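Thank you for sending this entry for comment. My remarks are set out below as numbered points, to be read alongside the sequence and the structure.

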Amino acid sequence: MALRQRGSSPPQYKRYQSYKRYLRVDFEYECVYCSIHENEVGGPRFFTVEHYRPKADDKFPDLATVYSNLLYGCQVCNPFKLDDWPSDDPILDDTGYLDPCEHDFDHHFAGDRGFRVRGLTGPGRYMVERLHLNRNQLRKMRMLRRRAERQHEREMELLHEFAAELRNVRPTSLQLHRVESHIAQKIQQWSDRLKPIYDIEDYREDE
Ligand SMILES: [Zn+2]
């Protein structure tokens, strides 16, 4: 994932949890570390407001509600990181945590065989290890995503082949319209898979 950008400018809140609704939009409903999508785990209830610089009393308590220090993380990655903070400058020290809004993750991580992720730099390798970015859950998720992608590509190929053949046999305009609207619908469905299907209010009674 390339460099992230925050689009929101929320007001100052007393509770960091209040920023969750902004963070999920700014980070496109995905965990900034492992990239699992809200839709894949049941919505924002399974995500947390993640503190880039830990909010622990002996770390950065003053940054607990500073928006630029907050990220959107899943409930699995969050406890792996906790208050771990080995370096204030991960590039200079070649270890520690990268800020997705400051460091382009594409320079630090690459896909590897077997649906694994490889750290390309010191901090990349540190994060892969500390956050368990090759845990089985994530490798399976990557496999399912890849499978869905391949299936979509194959379906689109077949549909386009079918439409091309249909045009050769002088179809009625209704037949042509039905095939073309089916293709358009398939394309739309594919891009809609990244839209959040859950709402932050969905779990209000639990909170
Ligand atoms: Zn995660």
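The points that follow move from the overall fold to the nonpolar core and then to one helix.

1. The model is predicted, and everything below should be read with that in mind. Its protein chain contains seven helices and four strands, and from the N terminus on these elements are arranged in the order α-α-β-β-α-α-β-β-α-α-α.

2. On overall shape, the radius of gyration of the protein chain is 21 Å, whereas the globule rule gives 17 Å for 207 residues; the value is well over that expectation, so the chain is more spread out than a compact globule. The C-alpha trace, taken along its principal axes, spans about 75 × 40 × 25 Å.

3. Burial and contacts can be put beside this description of the shape. Of the 207 residues in the protein chain, 22% count as buried. Among contacts with a separation of 6 or more, 58% are made by residues that lie 24 or more positions apart.

4. The largest nonpolar core has 29 residues, and those with the most contacts inside it are Leu23, Cys31, Tyr33, Cys34, Met127 and Leu133. Two or more residues are given to this core by each of helix H1 (20-26), strand S1 (47-51), strand S2 (70-74) and helix H5 (122-130), and the largest share, four residues, comes from S2.

5. Leu133 deserves a separate comment, being one of the core residues with the most contacts inside the core. When its neighbours within four places in sequence are left aside, Leu133 is in contact with Tyr33, Cys34, Val117, Met127, Val128 and Leu138; of these, Tyr33, Cys34 and Met127 are also listed with Leu133 among the residues with the most contacts inside the core.

6. Helix H6 covers residues 136-168. At 1.5 Å a residue its 33 residues should span 48 Å, and because its end C-alpha atoms are 48 Å apart, the model agrees with that expectation. H6 is hardly covered, the count of buried residues among its 33 being one. The helix is followed by Arg170, which has a positive phi, near 50 degrees.

7. Within H6, is Ala148 buried or exposed? Ala148 has 12 C-beta neighbours inside 10 Å, and a residue with 12 or fewer is classed as exposed, so Ala148 counts as exposed. Ala148 and Trp190 are nevertheless 9.6 Å apart in space, C-alpha to C-alpha, while being 42 residues apart in sequence.

Technical notes. Residues are numbered from 1 along each chain as its sequence is written. This is a predicted model: local features need pLDDT of at least 70, side-chain atom pairs count only at pLDDT 80 or more; totals for chains, interfaces and linings use all residues. The radius of gyration is taken over C-alpha atoms; the globule rule is 2.2 Å times the number of residues to the power 0.38. A residue is buried if 20 or more other C-beta atoms lie within 10 Å of its own, exposed if 12 or fewer, and partly exposed in between; C-beta atoms are placed from the backbone. Two residues are in contact if their C-beta atoms, placed from the backbone, lie within 7 Å. A nonpolar core is a set of buried Ala, Val, Leu, Ile, Met, Phe, Trp, Tyr and Cys residues joined through C-beta atoms within 7 Å. The expected span of a helix is 1.5 Å times one less than its number of residues.
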